[in-house]
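Here are my notes on the two-chain model you sent. They are numbered so that you can reply point by point.

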Amino acid sequence: MSDNKINRKDFIKGAAIGIGGATIAAMGLYSYSPMRKSHFKAKTRKLQDFGVCKSIKVTNISETSWFDNATLMGDIKKAGGLLVNQYEYNWPPFGNGKGLGKGSYSEGIEKIKHLLPNRLDEAWEIIKKNCINIDNAGGFAALVEIEELDGKKRKFLLDSGWSYKWMDECFKREGIDKMLANGEIEALIISHEHFDHFWGLPVTLKYKPDITIYIPEGFYSEGLSYIKDSGHRGKLIINKAGLTKMTPGFGLYNFNVPIICRVFGEQSMFFNIKDKGLVSVTGCCHQGIIQFCDTAYKELKYDNDKLHGIYGGLHISPFEDWDPKYDDLVISLGNYGFEKIGCNHCTGLLCAKKFIERGYPVVQGTARFRTKDKSYLGNGDVISFGV
Amino acid sequence: MKKMVILSDNKKFFKETTMEDYGKNYLEQRKLEKKWKGPIPAIVNLLFTLVIFYITWWIFQDPRGWLRMYTPYVGYMYTRWWLIVLIWMVYLFNFWPFKRDWVIKTHPVIKGLILTSISALILVALIKIFFEGILGNFGIAYFNPSRISKLPGVTEFFAIEYASLACLMFAAIASWLSPAWVVACEEAPWQKLSQPAKGFSIWVVTFFLSTIVYFVTMHSHMGILYYPWQYFTSITPPYWENFANTVSGNFHVAWIMCCTVTVWLLETIWERFPFSLIKNPTARRITAFFGIIAIAFAMHFFFYFVQELTFGEAIRGTRRDAAPDWRWLHVGEMAIFLLVPALFLKFYAGNWPNKFSLPVNVLLRTIISAAAGIVLYYLYYRFGHLVLGTQKGFSHPQQFPMIPTIWLINIWLVNHWFMDNWPGWKMVPKTAEEIAAEEKAMEEKISEIKWSSSLGLGIGAGAVIGMTLYFITIRILPFLYEKISIIPN
């Protein structure tokens, strides 16, 4: 081959070098440069109209899901960590007497099924014998009262807590038992399948067995069986991912998120308060409060185009643990302009304190009924939006 | 000095005549011969190692299993440090203090059991004695769970998790620097020392460097972990906050993991190309060491961009797949998915393909590894939770795909390094002539790549193709992601 002709082998070798080198160079020089932003989709807003309401009032029935963090985390540690299936912990009510981490839904429910939902005291006596750390169980539940534009009021129950004993006491303290029995509460909305939000279901059903229940898709077979085994006789509605319009100005939004203790999916509440803006009420907010806000911005239409308030567990440091990414949240939350923040439960006391330190409008509570600190909107406390 | 002795049973063994051969790399001196033709040995070994993986996963890691170390940080820490201990034993110390004769003659299963047990002992001693006992008691409290648990409000569970996190962040750095000193720096300046002097020299230097890198990349993360921010013992907020859009040290975990992956790509499917083209040893070593970092940063930025193109822009303060800290962590996870098939190609597929020139072989192997990595990524997120006892979905806060992938890599390293690819292969020491022939063949491969106008034209054309491929990839990624449902609702 003469010198001025292309040597095929050398050309291919060079091409291989060129392809590898240029690809790596482009990866390094372009991928994190400001130019990359031209590839991002512009945020399109769907602006789904889900109506408007006048105001909402949230009564915290119980935010104390467990009373001693060290006991709960001790159980989780000994059972094998945060990925262990929650039905295997041998926590109440699904105890089989075999000890920590050796429980099963089927063995546990078999012992109490015949007593649900009416004979909860008897069931609790059996549970005491078969479960571990019974007295550490509390629960999360809230009553949400919506005032529509014409003044009509509607009530919904968000979650049903965990311990039968504790939740029954809390329901009686706040008059939830009577509201359920009278049919004042339209529906029970289960935010997600976690023990502290869902396992107290028979307490609600004791007073209103035919109540309509909304759950997010993603419940495991044990959870679905528990609804039946608890004696539910009403309608069960399984919400798909995305928005479910409930009443004017009230929507549920379901997020497909993986959650600790083998749970999947959580739904939270959005409210559009007239002349105020958007309010979110969450059980645990495993999707993250800022994700929740961002979703609202992209998906929903709300008054003043303003994020007005938050209530609930914000799932930042539920076990009083910490991580620098939580500081990312603490730092960023101020950019969203909330005017009223009521936080508790899985938000973490340290996080609530950091919010207060940064001057965020945290509505503090009264620290009654076993709530530990006033930086939380505690058990029996009330927060209103639009009033 | 050695001489080759031909034994009556036709097995060839190195026999020591003067001193032990700790200094020579056993991996280069052995020849692995397939016991059966075709892909059967690879399939047999894959099945064998997967069975071992699953049994050991169940015993040590699985949240449904026996010891349930996947808490996750405890299991994660041991997984990472085990990888480093294996690297130390083989790459730094060349099997010292075991006599080469023993390494050659012992049955692979016995050898695997003994060496693995020793690696486990070193691992436990390292964590319990060095990190928790010495460092955690006399230097930095956060390496010792019992000291952390004295902080008000910190439970025993999280005390152990935080200490494990600190140890594993250190491990991430060591898993890059320890092999990099061998692969990139070619053990210089101690390459001529005998063992254990060489091993200890490299170990001390790489450990020292790891400590420095730890302090400037990870220590601030630990300082932020405790309330209030530890302003006077660590730099908070950290210097990377605005660039990385997070105060989390995951930004560094990402590029350091990419360094680890690049070191192993360079050592396996790239056969130390392109740095092997540099003739001057000092220039080659320096270029290789910093070249690894440069390639790792390219990978680092690209994998982050891939997530922006698929999951959408990151939003600071969110949790899960939109959070910058998780995105950076996922960069490292994506890189590991790329490494797994690359190691399989090297260990069990004879570094296929081999019939082309070195640059073409390297490019083809990289493409194969990338494609297989994407398939593995899909399989992990689609089915992994069913097998591993973890939770389905991306970005579960307690879920780290690096744990099972590195656990599998560790088992492959045990099988490949300690067990000579048993049962699909048998080890036969290479003759001096074979070693010389291999070295010559590699020199020829490198010398084939000489500057010419054809090579230059090829590089130019390849550069255009490479750029085009890059921009086509980033254009089609969002559409591909929309079409493929990895995790069905």
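1. Start at B:A166. Beyond its neighbours within four places in sequence, B:A166 is in contact with B:Y142, B:F143 and B:M222. Please keep in mind that this is a predicted model.

2. B:A166 also matters for the core count. The largest nonpolar core has 258 residues. B:A166 is one of those that touch the most other members, together with A:V144, B:L86, B:C167, B:C258, B:A335 and B:L339. Which element supplies the largest share of this core? Helix 7 of chain B does, with 21 residues.

3. Helix 7 of chain B, residues 156-183, returns at the interface. Here 71 residues of chain B are in contact with 64 residues of chain A. Helix 7 is among the elements that give two or more residues to the side of chain B that touches chain A. The others are helix 9 (219-225), helix 12 (281-310), helix 14 (358-388) and helix 17 (453-483) of chain B. Helix 17 of chain B gives the most, with 16 residues. By residue class, the side of chain B that touches chain A divides into 38 nonpolar, 24 polar and nine charged.

4. Now chain B as a whole. Chain B has 17 helices and four strands. Its radius of gyration is 23 Å, close to the 23 Å that the globule rule gives for 489 residues, so chain B is as compact as a globular protein of that length. Along the principal axes, the C-alpha atoms of chain B fill a box of roughly 70 × 55 × 45 Å. Of the 489 residues, 48% count as buried. Among contacts in chain B with a separation of 6 or more, 74% come from residues 24 or more positions apart.

5. Helix 11 of chain B deserves a look. Helix 11 covers residues 250-267, 18 residues in total. The helix reaches 26 Å from its first C-alpha to its last, close to the 26 Å expected at 1.5 Å a residue. Is helix 11 of chain B enclosed or open? Of its 18 residues, 17 are buried, so the helix is largely enclosed by the rest of the structure.

6. Chain A is built from twelve helices and 15 strands. Its C-alpha trace spans about 100 × 55 × 40 Å along the principal axes. Chain A has 387 residues, and buried residues make up 58% of them. Among contacts in chain A between residues at least 6 apart in sequence, 68% join residues at least 24 apart.

7. Strand 9 of chain A, residues 250-259, is worth tracing on the model. Nine of its ten residues are buried, so this strand is largely enclosed by the rest of the structure. Strand 9 pairs with strand 8 (residues 242-247) of chain A in the antiparallel sense, over five bridges. In that pairing, A:L243 stands opposite A:Y253. The hairpin of strands 8 and 9 of chain A has two residues between the strands, and A:G249 takes a positive phi near 85°.

8. Strand 9 of chain A also pairs with strand 10 (residues 263-273) of chain A, antiparallel over eight bridges. A:P258 stands opposite A:F264 there. These two strands form a hairpin with three residues between them. In the turn, A:C261 has a positive phi of about 60°. Please check both positive phi values, at A:G249 and at A:C261.

9. A:L158 lies in strand 4 (residues 153-158) of chain A. With 26 C-beta neighbours inside 10 Å, A:L158 counts as buried. Setting aside neighbours within four places in sequence, A:L158 is in contact with A:A141, A:A142, A:V144, A:I189, A:S191, A:M269, A:V281 and A:G283. A:V144 is the residue listed in the core of point 2. A:L158 and A:I61 are 97 residues apart in sequence, yet 9.6 Å apart in space, C-alpha to C-alpha.

10. Last, a charged residue. A:D75 sits in helix 2 (residues 69-79) of chain A. Is A:D75 buried or exposed? A:D75 is buried, with 20 other C-beta atoms within 10 Å. Not counting residues up to four places away in sequence, A:D75 touches A:Y89, A:L100, A:I132 and A:N133. A:D75 and A:N133 are 58 residues apart in sequence and 8.6 Å apart in space, C-alpha to C-alpha.

Technical notes. Residues are numbered from 1 along each chain as its sequence is written. Chains are lettered from A and ligands numbered from 1 in the order in which they are written. This is a predicted model: local features need pLDDT of at least 70, side-chain atom pairs count only at pLDDT 80 or more; totals for chains, interfaces and linings use all residues. Two residues are in contact if their C-beta atoms, placed from the backbone, lie within 7 Å. Ala, Val, Leu, Ile, Met, Phe, Trp, Tyr, Cys and Pro count as nonpolar, Asp, Glu, Lys and Arg as charged, and the others, Gly among them, as polar. A residue is buried if 20 or more other C-beta atoms lie within 10 Å of its own, exposed if 12 or fewer, and partly exposed in between; C-beta atoms are placed from the backbone. A nonpolar core is a set of buried Ala, Val, Leu, Ile, Met, Phe, Trp, Tyr and Cys residues joined through C-beta atoms within 7 Å. The expected span of a helix is 1.5 Å times one less than its number of residues. The radius of gyration is taken over C-alpha atoms; the globule rule is 2.2 Å times the number of residues to the power 0.38. Two strands pair if DSSP finds at least two bridges between them.
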